[in-house]
Amino acid sequence: MPMLPRSQAAYSPPDQTGDGVASGVSGLSPADRLAARIQELEAELRELQHRAKNSLQLVISLLKLQAGRIRDPDARAAYEQTMVRIEALAILYRQLHESGAGTHVDLGRYVTALCEAVREGTPGALSRVPVTVNSDPIQIGLYEAMPLGLIIAELVTSCLHHAFPDDGWIRITVRQQGDSGRARLTVEDNGRALPAGFDTTAEDGLMLAEALAGQLGDTLSTDSDAAGTTASVSFPV
């Protein structure tokens with residue numbers, strides 16, 4: 001096969017924009033192509049979050065259709081706790097979609113909405129126990145917010161099922177821990193103290209909270225006396 005002269009084979013006339021700067025075949029510079037690709041990926045991420053939000057809302061709706069058929073008290077309690085856990089994830093994905101912030105949410109806003117949903121989903125007079133949230137301004141990533149939200153759901157549910165006095169309350173505090181790159185969640189109530197020698201692994205919800213705390217690189221700390229119960233866990237921010 002005849003070979004082209006070296007100078008002819010090596011020559012390829014560059015594409016030029018109007019100002020004479022070389023660019024790719026698409027007419028975009030490498031930086032512009034990268035920016036366009038990032039925008040595409042961000043749009044795909046928002047679409048996935050939107051679908052996740054809608055799927056979780058569908059699951060919640062389907063489960064609510066079965067609520068009236070549950071007669072057994074233990075089955076009813078398991079159903080309600082399952083609904084709380086799914087709602088914790090649904091609220092997270094809804095706020096991600098609404099904020100358009102990609103993979104981070106405002107932690108204080110998320111915790112407030114989550115606690116309100118848990119309280120409203122609790123039957124009887126316990127749903128009137130006030131839950132207050134005081135949080136430092138923290139933006140938290142999706143993969144930290146998921147286990148943290150489930151921990152909060154479990155702890156607040158546990159608090160609400162204590163025997164509360166007439167002036168019962170639940171307080172949630174989130175504070176940055178200096179420059180450590182971590183923050184601490186604290187959940188307090190003035191309800192009945194946990195029994196002496198109480199084993200958190202004996203209760204499914206608290207056992208789940210313990211396991212989730214491990215995902216966040218910490219252990220769930222609990223302290224209980226006549227004044228109430230305090231639980232806390234740290235997490236990366």
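What is the volume of the largest cavity? The largest cavity has a volume of about 120 Å³, and the legends below place this space within a predicted model.

**Figure 1. Overall fold of the predicted model.** The protein chain contains six helices and seven strands. In sequence order, these elements follow the pattern α-α-α-β-α-β-β-α-β-β-α-β-β. Of the 237 residues in the chain, 34% are buried. Among contacts between residues at least 6 apart in sequence, 65% join residues at least 24 apart.

**Figure 2. Pairing of strands β2, β4 and β5.** Strand β4 (residues 170-176) runs parallel to strand β2 (residues 131-135), and five bridges join the two. Within this pair, S135 has V174 of β4 as its bridge partner. Strand β4 is also joined to strand β5 (residues 182-189), here in an antiparallel arrangement with seven bridges. One of the bridges to β5 links I172 with V187. In a regular strand, side chains alternate between the two faces of the sheet.

**Figure 3. The hairpin formed by β4 and β5.** Five residues lie between the two strands of this hairpin. In the turn, G178 adopts a positive phi of about 60°. The hairpin strands β4 and β5 run antiparallel.

**Figure 4. The enclosed cavity and its lining.** The structure holds one cavity of 30 Å³ or more. Rolling a probe the size of a water molecule over the atoms shows where empty space is left. A total of 13 residues line the largest cavity, and L155, S158, L206, T229 and A231 are those nearest its centre. Helix α5 (142-160) and strands β5 and β7 (228-236) each contribute at least two residues to this lining. By class, the cavity lining comprises six nonpolar, six polar and one charged residues.

**Figure 5. The largest pocket.** The volume of the largest pocket is about 530 Å³. Its lining consists of 24 residues, with Q81, T157, S158, H161 and E203 closest to the centre. Two or more lining residues come from each of the helices α3 (73-99), α5 and α6 (204-215). Helix α3 makes the greatest contribution to the lining of the largest pocket, with seven residues. Nine nonpolar, nine polar and six charged residues make up this lining.

**Figure 6. The second largest pocket.** The second largest pocket has a volume of about 320 Å³. Among its 15 lining residues, K64, M83, V84, A117 and G121 lie closest to the centre. Helices α2 (30-65), α3 and α4 (107-120) each supply at least two residues of the lining. Helix α3 gives the most to the lining of the second largest pocket, with seven residues. The classes represented are nine nonpolar, one polar and five charged residues.

**Figure 7. Surroundings of Q81 in helix α3.** Is Q81 buried or exposed? Q81 counts as buried because its relative accessible area is 14%, under the cut-off of 20%. This residue is one of those closest to the centre of the largest pocket. Beyond its neighbours within four places in sequence, Q81 contacts A153, E154 and T157. The side chains of Q81 and E154 are joined by a polar contact of 2.7 Å. Between the C-alpha atoms of Q81 and G121 the separation is 9.2 Å, although the two residues are 40 residues apart along the chain.

**Figure 8. Surroundings of S158 in helix α5.** S158 counts as buried because its relative accessibility is 14%, under the cut-off of 20%. Leaving aside its neighbours within four places in sequence, S158 is in contact with E203 and L206. S158 is one of the residues nearest the centre of the largest cavity, and S158 is also among those closest to the centre of the largest pocket. Of its two contact partners, L206 appears among the residues nearest the cavity centre, whereas E203 appears among the residues closest to the centre of the largest pocket.

Note on methods. Residues are numbered from 1 along each chain as its sequence is written. This is a predicted model: local features need pLDDT of at least 70, side-chain atom pairs count only at pLDDT 80 or more; totals for chains, interfaces and linings use all residues. Side-chain values use heavy atoms; hydrogens and water are left out. Two strands pair if DSSP finds at least two bridges between them. Helices (H or I, at least four residues) and strands (E, at least two) are DSSP runs, numbered from the N terminus. On a 1 Å grid over the protein atoms alone, a cavity is a set of points where a 1.4 Å probe fits but cannot get out, and a pocket is an open set with protein on both sides within 12 Å along at least five of seven lines; lining residues have an atom within 4 Å of a point. Grid points are joined across faces, edges and corners, and a volume is the space filled by probe spheres set on the points. Ala, Val, Leu, Ile, Met, Phe, Trp, Tyr, Cys and Pro count as nonpolar, Asp, Glu, Lys and Arg as charged, and the others, Gly among them, as polar. Buried means under 20% relative accessible area, exposed over 50%, partly exposed in between (1.4 Å probe, protein chains only). Contact means heavy atoms within 4.5 Å. A polar contact is a pair of N or O atoms within 3.5 Å; within protein, one must be able to donate a hydrogen and the other to accept it, and residues adjacent in sequence count only if both atoms are side-chain atoms.
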